[in-house]
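Subject: A structure for you to look at

Hello,

I am handing over the structure we talked about, and I would be glad if you kept it open while you read the rest of this email.

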Amino acid sequence: MPHCYWPQADVSTRLFTHHHGTGGIAQEFFNGLLHQTTIDLAIRLNHHLFDTLYHAVALHTSRAVLITADRRYFTKAEPIGHIVLPDDPGLTDDQHPDA
């Protein structure tokens, strides 16, 4: 059976542990769901996994949005939600990357 190495898995594991404590079954579920969403976004939007991983994290994290300067990805992903451009007037000062 082929294996797929997910260097981004470390990101999802750290995020989960930060928000939910230690791992276990819930962490495996979160990581599986996060990876499935990442792959789904990559296929649907015809985009590489790096942007779609961060977008998937935003989609599965309460009150989170992906702030991206990649207008090409933004145009494709905006209908899915949880994504804004840095110059979005809806960003508050504490959400803005330059704050």
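Below is what was found in it, from the overall layout down to single residues.

Please bear in mind from the start that this is a predicted model. The chain has 99 residues, of which 35% are buried, and it contains four helices and two strands, which follow one another along the sequence in the pattern α-α-α-β-α-β. Of the contacts in the chain that have a separation of 6 or more, 31% are between residues 24 or more positions apart. The chain exposes about 6,700 Å², and carbon and sulfur atoms supply 58% of that area.

Let us turn to the interior. In soluble globular proteins, nonpolar side chains tend to be buried together. Here the largest nonpolar core has 14 residues, and those with the most contacts inside it are Leu34, Leu41, Leu45, Leu66, Tyr73, Ala77 and Ile83. Two or more residues of this core come from each of helix 2 (25-45), helix 3 (49-59) and helix 4 (71-77), and it is helix 3 that gives the most, with four residues.

A residue worth finding on your screen is Thr37, which lies in helix 2. Is Thr37 buried or exposed? Its relative accessibility is 15%, and because the limit for a buried residue is under 20%, Thr37 counts as buried. Leaving aside its neighbours within four places in sequence, Thr37 is in contact with Ala56, Leu59 and His60, and with His60 there is also a polar contact of 2.7 Å that joins the two side chains.

Tyr54, whose place is in helix 3, has a relative accessibility of 43% and therefore counts as partly exposed. If you would like to follow a distance through the model, Tyr54 and Ile83 are 29 residues apart along the chain, while their C-alpha atoms are separated by 10.0 Å.

Next come the charged pairs. How many salt bridges does a search of the whole structure find? The search finds two. In one of them, Asp40 pairs with Arg44, and the closest N and O atoms are 2.8 Å apart. These two residues are separated by about one helical turn, because they stand four residues apart in helix 2. Asp40 is partly exposed, with a relative accessible area of 30%, whereas Arg44, at 52% relative accessibility, counts as exposed.

In the other salt bridge, Asp87 pairs with Arg71, with the closest N and O atoms 3.3 Å apart. Since Asp87 lies in the segment after strand 2 (83-84) and Arg71 lies in helix 4, this pair ties together parts that are 16 residues apart in sequence. Asp87 has a relative accessibility of 52% and so counts as exposed.

Finally, please look at the surface, where Ile39, Ile43 and Leu49 form a nonpolar patch whose accessible area comes to about 250 Å² together. Ile39 is found in helix 2, and with a relative accessible area of 31% this residue is partly exposed. Helix 2 is thus a useful place to begin your own reading, for it also holds Thr37 and the pair Asp40 and Arg44.

With best wishes

Conventions. Residues numbered from 1 in each chain as written. Predicted model: local features only at pLDDT ≥ 70, side-chain atom pairs only at ≥ 80, totals over all residues. Heavy atoms only, no water. Core = buried A, V, L, I, M, F, W, Y, C linked by side-chain atoms within 4.5 Å. Buried < 20%, exposed > 50% of the residue type's maximum accessible area, 1.4 Å probe, protein only. Polar contact = N/O pair within 3.5 Å; in protein donor to acceptor, adjacent residues only side chain to side chain. Contact = heavy atoms within 4.5 Å. Areas by Shrake-Rupley, 256 points an atom, 1.4 Å probe, with all protein chains shown as cover. Salt bridge = Lys/Arg side-chain N within 4 Å of Asp/Glu carboxyl O. Patch = residues over 30% accessible without salt bridge, like charges linked within 9 Å, V, L, I, M, F, W, Y side chains within 5 Å.
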